[in-house]
Amino acid sequence: EWPFVLKEYKRNNVQTEPTNNYNTDTEAVFKYTSSVIDWESNVDCIVYVEKSKLSGLVVYVKWKNGINSVHHSSEVYYKCPQKVFCCCC
């Protein structure tokens with residue numbers, strides 16, 4: 001349910017996102033991020049975290065292959081908790 005809500009949030013609030021190479025082809029990004037099994041090994045770093053109008057946070061992720069993506073904090077906490085921990089220290 002929340003990926004749909006996050007897509008709607010991002011679509012309605014595009015001006016609030018950082019402009020540094022975040023992919024506009026959301027379907028390709030969702031396809032790639034869904035195919036990754038081990039996020040800890042494939043995520044380069046957490047670039048930015050911001051408060052969301054939804055519950056939780058919006059997390060901007062930089063992948064080792066150069067893709068940048070945006071995710072709800074619950075997904076990032078679940079799939080790569082060590083990257084979130086290192087980001088917040």
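Biologist: What makes up the protein chain in terms of helices and strands?

Modeller: In this predicted model, the protein chain holds five helices and three strands, and from the N terminus on the elements run α-α-α-β-β-β-α-α. Of its 89 residues, 36% count as buried.

Biologist: What makes the three strands an open sheet, and in which order do they stand?

Modeller: The order is β1-β2-β3, with antiparallel pairing. Residues 43-51 form β1 and residues 68-72 form β3, and both stand at the edges with a single partner strand each, so one side of each is left without a neighbour in the sheet. Neighbouring strands of this sheet are turned by 25° against each other on average, direction ignored.

Biologist: How do you know that β1 and β2 pair?

Modeller: Two strands count as paired if at least two bridges are found between them, and β1 and β2 are joined in the antiparallel sense over seven bridges, so the criterion is met. As an example of the register, V49 stands opposite V59 in β2. In the hairpin of these two strands, which has five residues between them, G56 takes a positive phi near 95°.

Biologist: And how do you know that β2 and β3 pair?

Modeller: The same cut-off of at least two bridges applies, and strand β2, residues 57-63, pairs with β3 in the antiparallel sense over five bridges; therefore these strands, too, count as paired. V58 stands opposite H72 in β3, while V61 stands opposite S69 in β3. These strands form a hairpin with four residues between them, and G66 in the turn has a positive phi of about 100°.

Biologist: Why is β2 described as mostly covered?

Modeller: Five of the seven residues of β2 are buried, and buried means under 20% relative accessible area. W63, which lies in strand β2, has a relative accessible area of 0% and is therefore buried. Y60, also in strand β2, is at 1% relative accessibility and so counts as buried.

Biologist: Why is Y48 called partly exposed?

Modeller: Partly exposed covers the range between the 20% limit for buried and the 50% limit for exposed; Y48 has 39% relative accessibility, so Y48 counts as partly exposed.

Biologist: What makes the pair of Y48 and Y60 tilted?

Modeller: Rings pair if their centres lie within 6.5 Å, and the pair is called tilted when the planes are neither under 30 degrees apart nor over 60. For Y48 and Y60 the centres are 5.5 Å apart, with 55° between the planes, so they form a pair and the pair is tilted. The pair links Y48 in strand β1 with Y60 in strand β2, 12 residues apart.

Biologist: Why is the pair of Y32 and W63 called edge-to-face?

Modeller: A search of the whole structure finds three aromatic pairs, and in the pair of Y32 and W63 the distance is 5.4 Å centre to centre, with 85° between the planes. Planes over 60 degrees apart count as edge-to-face, so the name follows. This pair links distant parts of the chain, with Y32 in helix α2 and W63 in strand β2, 31 residues apart. Ring pairs also link Y32, W39 and W63 into a cluster.

Biologist: How do you know that the buried residues of helix α2 lie on the same side?

Modeller: In α2, residues 26-35, the residues V29, F30 and T33 are buried. They cover an arc of only 95° around the axis, which puts them on the same side of α2. The face turned away from this buried side carries the exposed residues E27 and K31. As for its placement, α2 lies across β2 and β3 and runs at about 75° to β3.

Biologist: What makes up the largest nonpolar core?

Modeller: The largest nonpolar core has 11 residues: V36, W39, V43, I46, V59, V61, W63, I67, V76, C80 and V84. Strands β1 and β2 each supply at least two residues of this core, and β2 gives the most, with three residues. In soluble globular proteins, nonpolar side chains tend to be buried together.

Biologist: What share of the contacts in the protein chain joins residues at least 24 apart?

Modeller: Among contacts between residues at least 6 apart in sequence, 49% join residues at least 24 apart.

Technical notes: Residues numbered from 1 in each chain as written. Predicted model: local features only at pLDDT ≥ 70, side-chain atom pairs only at ≥ 80, totals over all residues. Heavy atoms only, no water. Buried < 20%, exposed > 50% of the residue type's maximum accessible area, 1.4 Å probe, protein only. Arc of directions from axis to C-beta. Axes fitted to C-alpha atoms, helices over the stretch in contact; angles between N-to-C directions. Contact = heavy atoms within 4.5 Å. Core = buried A, V, L, I, M, F, W, Y, C linked by side-chain atoms within 4.5 Å. Phe/Tyr/Trp six-rings, centres within 6.5 Å; stacked < 30°, edge-to-face > 60°.
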